[in-house]
Structure formats: C-alpha cells, structure tokens
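Please look over the structure below before reading the notes on its side-chain contacts and internal space.

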Amino acid sequence: MRAVFISTHDDPAAWKAAMASVLPELELDIWPAVSEPEAIEVALVWKPPPGVLAQFTQLRLICGLGQGVDFLFDDPALPKNVPITRLVDPDLIAQMSEYVCAATLWHHRRFEDYRAFQRAAEWWPLAPPKTSGCRVGILGLGSIGQDIAQKLAYLGFPVQGWSRSPKNLSGIDCFAGDEQLADFLAGCNVVVCVLPLTATTRGILNRQNLACLPPGALVINVARGGHVVEDDLLAALDVDILRARYWMFSGRNRCHRHTLSGTILVVMTPHIAGLTRPETAARQIADNIRRLLQGQPLCNQVEQQRQY
Ligand code: GLV
C-alpha cells in the first residue's frame with residue numbers, strides 16, 4: 001500500500017522511520033515529492049494546504065496527525081466520503097495535562113507575585129492559598145479534558161466540567177449544553193479550554209461568556225486560537241474583569257501587547273501544550289491502516305457532521 005505524508009510542521013524523516021518500524025510494507029511518499037498521486041490510498045496529514053488532498057483521487061483513508069482535525073474542514077476541496085481518523089494518544093494527553101497542571105499551580109501558588117517580589121528583593125509570604133477554594137472548570141470532557149480533570153482532582157482542586165452532550169464522571173461536577181454554560185462559568189476560578197474547534201465552539205470565549213467568570217479568574221486556553229474572540233478577551237483584561245493571567249498556546253496573537261507592556265496579564269507559549277511524537281502515534285496509524293485493509297471498523301474515526 002502507498003501513502004503520502006503531508007505536513008510542513010513535522011519532521012518527515014522521523015515519521016518515515018516511525019512508520020517503517022511499525023508497518024514496513026507501507027510505501028510512504030513525502031509531499032510534494034509524489035510521483036504517482038493516483039496510487040496513493042492513505043494520507044497522513046497535519047494542516048495540508050487547501051486543495052492538496054483533492055489531488056489524490058484514490059484515497060481510502062485520511063489520518064490526522066493530531067488530536068484535533070479542525071484544519072481539514074477549512075479545506076473546501078476536502079475529498080468527500082473518505083474516512084478521517086484522528087489521534088487519541090496517551091503521550092500527547094499526558095503532555096496536555098502536565099501543561100495545564102503547571103499553569104494552574106503557577107497561578108494558584110502565586111509564583112508570578114513571588115517573581116515580582118524577587119525582582120524587588122522582597123521576601124514576604126502571602127497568605128497560603130486554599131486548594132479546596134480554587135474551583136477548576138474544564139471546557140471539553142473528551143480524553144484530554146477527562147485526564148486533566150482527574151489529575152487536578154487528585155491534587156485537591158474541586159473540578160467541574162462542561163461538554164456539549166451530558167457526561168457522568170465520578171468526582172467531577174458535570175454541566176452540559178448552552179443552557180448550563182453560564183452557571184458552569186460562574187463557578188470557575190480557573191477555566192481550561194480543551195474543546196475541539198467546530199462551528200459550534202468557535203468563539204466560545206467571547207464577551208458574554210467571559211463576563212460570567214468570577215473576578216480574578218484565570219483562563220487557560222490550550223485548544224485553538226479560534227475559541228477566543230480576541231477583542232473580547234482584550235476588553236475583559238483591560239477593564240480588569242479577569243484581573244488574570246491568560247495562558248494560551250499560540251504565539252501569534254494580539255494579546256501579546258499585554259505581556260510587552262509588563263502587566264503580566266498574559267502568559268503565552270508556542271503551540272507546545274501537547275505535541276505529537278511520531279514513535280507513539282505511528283502505532284495507532286498503522287493499526288488503522290491494517291483495519292482498513294481487513295475491512296474492520298476504524299479507531300477514533302471522525303464524525304464528519306460534528307467535525308471531531
Ligand atoms: C494539537 O494541537 C493536536 O490537535 O494534536
């Protein structure tokens with residue numbers, strides 16, 4: 001079987017080696033060096049330029065190289081009726097949870113204040129924070145959201161979650177649907193966004209929803225930039241609704257001006273909350289290619305209607 005790897009963000013040599021170790025019989029071309037596009041049956045993709053997938057007329061499977069596959073639905077020429085799979089990778093999930101726990105604890109233990117103290121050569125203790133009084137809300141209760149919820153609950157934070165459809169998770173207060181979103185947000189001292197980006201979640205961190213958060217809330221967005229209405233977030237920071245640090249993964253964002261002005265309201269990192277490692281992800285892709293060949297149901301197949 002012949003496949004194509006399309007990503008300008010990942011190291012093709014690492015992927016070629018990882019796929020060869022788990023599925024040696026797979027011939028993997030690296031786009032754009034594809035001599036026979038009509039021989040390609042599987043595409044391994046991360047943010048392919050729009051229109052590129054349509055060149056492969058015999059595609060039988062599209063494997064997204066991340067947990068999120070929103071980028072595929074931005075392509076108006078995305079081949080119809082070709083199954084799409086995404087990764088649900090314990091290694092990536094663990095990275096995401098580490099990032100969120102680190103951000104939450106940094107905020108909760110007031111490390112930013114102590115850094116300011118250090119700069120001023122001051123060494124006063126602040127009142128010890130009560131973990132039981134810092135409620136963390138997770139927007140999105142899929143595999144990532146559930147892992148984060150469990151790890152924060154283990155640390156002693158009261159945890160609640162919100163999802164589009166109702167969920168029942170032990171030890172987590174679950175909210176669901178638009179009608180429970182305001183109540184959910186009102187109880188979040190920290191809110192973590194790990195939602196998939198779809199037509200229904202785009203812009204969910206907007207003026208109206210941010211205004212539901214209690215004063216001083218911390219927003220941690222480790223999902224997509226498209227979840228945030230930037231102007232609304234900046235307005236909330238300006239009027240001190242949040243009085244908060246806002247962490248996000250994507251560096252190119254106008255919120256940057258707040259870090260530059262020294263207000264420490266915004267902490268940003270590049271897109272590193274969870275990165276796909278070829279050596280762990282390749283096994284899942286190989287498994288799905290074998291399933292395709294044997295006519296078995298695929299794992300982690302994307303529902304094209306819901307776009308995740
Ligand atoms: C990363 O952003 C992913 O979707 O895996």
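The report covers salt bridges, aromatic pairs and one cavity, in that order.

**Salt bridges**

The model is a predicted one. It holds twelve salt bridges. Three of them are listed here.

| Acidic residue | Basic residue | Closest N to O |
|---|---|---|
| Asp29 | Arg2 | 3.3 Å |
| Glu36 | Arg2 | 3.5 Å |
| Asp113 | Arg110 | 2.8 Å |

The side chains of Asp29 and Arg2 meet in a salt bridge. Asp29 belongs to strand E2 (residues 27-30) and Arg2 to strand E1 (residues 2-7), so this contact ties together parts that are 27 residues apart in sequence. Both Asp29 and Arg2 are buried.

Arg2 also forms a salt bridge with Glu36. This second pair again links distant parts of the chain, with Arg2 in strand E1 and Glu36 in the loop between E2 and E3, 34 residues apart. The relative accessible area of Arg2 is 15%, and since buried means under 20%, Arg2 counts as buried. Glu36, at 37%, is partly exposed. Through shared partners, salt bridges join Arg2, Asp29 and Glu36 into one network.

In the bridge between Asp113 and Arg110, Arg110 is partly exposed, with a relative accessible area of 34%.

**Aromatic pairs**

The structure holds five aromatic pairs. In one of them, the ring centres of Trp46 and Phe71 are 4.8 Å apart. Their planes stand at 65 degrees, and planes over 60 degrees apart count as edge-to-face, so this pair is edge-to-face. Trp46 sits in strand E3 (residues 42-46), while Phe71 is in the loop between strand E4 (61-64) and strand E5 (84-85); the two residues are 25 residues apart. Trp46 is buried at 12% relative accessible area, and Phe71 is buried at 10%.

Phe175 and Phe184 form another pair, with ring centres 5.6 Å apart and planes at 65 degrees, so the arrangement is edge-to-face. Phe175 and Phe184 are both buried.

**Internal space**

Rolling a probe the size of a water molecule over the atoms shows where empty space is left. The count comes to one cavity of 30 Å³ or more, and the largest cavity holds about 30 Å³ of space.

Which residues line the largest cavity? They are Cys63, Gly64, Thr85, Arg86, Leu87, Gln284, Ile285 and Asn288. The elements giving two or more residues to this lining are E4 and helix H9 (278-294). H9 gives the most, with three residues. By type, the lining divides into three nonpolar, four polar and one charged residue.

Conventions:
Residues numbered from 1 in each chain as written. Predicted model: local features only at pLDDT ≥ 70, side-chain atom pairs only at ≥ 80, totals over all residues. Heavy atoms only, no water. Phe/Tyr/Trp six-rings, centres within 6.5 Å; stacked < 30°, edge-to-face > 60°. Helix = DSSP H or I, 4+ residues; strand = E, 2+ residues; numbered from the N terminus. Buried < 20%, exposed > 50% of the residue type's maximum accessible area, 1.4 Å probe, protein only. 1 Å grid on protein atoms, 1.4 Å probe; cavity = no way out; pocket = protein on both sides within 12 Å on 5 of 7 lines; lining within 4 Å. Points joined across faces, edges and corners; volume = space filled by probe spheres on them. Nonpolar A, V, L, I, M, F, W, Y, C, P; charged D, E, K, R; others polar. Salt bridge = Lys/Arg side-chain N within 4 Å of Asp/Glu carboxyl O.
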